[in-house]
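Okay, thanks for making time, everyone. I'd like to walk you through a structure that's new to most of you, so let me put it up on the screen.

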Amino acid sequence: MNHACSRPCPFVQRHRYDLIRLRDHLAEGHRCADAWIAIAHLVREPWQRLDCLERACAIDPNDQNLRIARLEHYVVLHPDDAQAAEELREAKARRALERYKPRVFRHQDASQPIGAILRALRAVSDTDLEVVLEEQDHLRRLGRPLLLGDLLVRRGKVAPETLARALTLQSRLRAVNGAVPRTLGEYLIAQGHVTPDQLECALIEQIRLRASGAHEPLGEILLRHGAIDAAVLQRAFQQHMHDAMTAFE
């Protein structure tokens, strides 16, 4: 017998604290990542835990959490290995980004997160993204939610112009995917009242204002720029609010 056990492995779930049974399970020829993970929690020496996690990773190389656990143990034992430390930071950043999901309403797609777009534009490093995502999560738990893009700007990781470009690109991608407009800017573009360039210019100003502690609605900025008139803004705003109210129906 030499096949990989399904995960979670029923045998390991029953005997996860029985080192002898776990070893026998492996000795019988089972390629069981869960068994090696369970043994890693039972052995005492750090090098033994690392060896177990490496064996588990060899069986299931696509398990991101398992890979991160192995790297964490490896870095502890090899603190001078800069390449491994960087690999660990990148893996954590990818995991944090995958966990960051935009809120999805009825008739809306789960559009690509702004962090993913900034990464695709090579505007932010995996390390910086990981740090800022962790800070955003901490602020959310404290009851002080802040948009990821705004936090990146405040920490000097992304320029307002870059964030505005990414937000405009996000709107374009949603439109290509046939998503219902989600923001006022998307409504105005969908109805042909503003161009993507006009929206981007307004977003740059809005982002700069927020970074300085001031706040001005996007519609007001577009009005000041002469991109739209009050009647157009009112109609778009009413449609936006109507769709937002019916999104949960």
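Let's go straight to helices α4 and α5, residues 46-59 and 64-77. Their axes come within 9 Å, and they cross at roughly 150°. Keep in mind that this is a predicted model. Now, how do α4 and α5 run relative to each other? Angles over 145 degrees count as roughly antiparallel, and therefore that's what we call α4 and α5: roughly antiparallel to each other. As for handedness, α4 passes α5 in a left-handed crossing.

So who's touching whom? On the α4 side you've got P46, W47, R49, L50, L53, E54, A56 and C57. Facing them from α5 are L66, R67, A69, R70, H73, Y74 and L77. If you sort the residues of that contact by type, you get ten nonpolar, one polar and four charged.

Okay, next pair: α2, residues 19-27, and α3, residues 33-42. Here the axes come within 10 Å and cross at roughly 145°. The α2 and α3 crossing is left-handed. From α2, the contact uses L19, L22, R23, H25 and L26, and α3 brings A35, W36, A38, I39 and L42. By type, the contact of α2 with α3 comes out as eight nonpolar, one polar and one charged.

Let's move on to the backbone, with two spots I'd like you to look at. One is the bond between R7 and P8, which is a cis peptide, with omega at about 0°. You'll find P8 in the segment before α1, and α1 itself covers 10-15. The other spot is R122, where phi is near 60°. That's a positive value, and R122 isn't a glycine. R122 sits in the loop between α7 (114-120) and α8 (126-141).

Last stop: holes. How many cavities of 30 Å³ or more does a search of the whole structure find? One. The largest cavity has a volume of about 40 Å³. Which residues line it? That would be D150, V153, R154, I207, R210 and A211. Two helices, α9 (148-154) and α12 (196-211), each supply at least two residues of that lining. And the lining splits into three nonpolar and three charged residues, with no polar ones.

That's my tour, so over to you for questions.

Terms used:
Residues numbered from 1 in each chain as written. Predicted model: local features only at pLDDT ≥ 70, side-chain atom pairs only at ≥ 80, totals over all residues. Heavy atoms only, no water. 1 Å grid on protein atoms, 1.4 Å probe; cavity = no way out; pocket = protein on both sides within 12 Å on 5 of 7 lines; lining within 4 Å. Points joined across faces, edges and corners; volume = space filled by probe spheres on them. Helix = DSSP H or I, 4+ residues; strand = E, 2+ residues; numbered from the N terminus. Nonpolar A, V, L, I, M, F, W, Y, C, P; charged D, E, K, R; others polar. Axes fitted to C-alpha atoms, helices over the stretch in contact; angles between N-to-C directions. Parallel < 35°, antiparallel > 145°, perpendicular 65-115°, else oblique. Left-handed = near helix turned anticlockwise from the far one by under 90°. Contact = heavy atoms within 4.5 Å.
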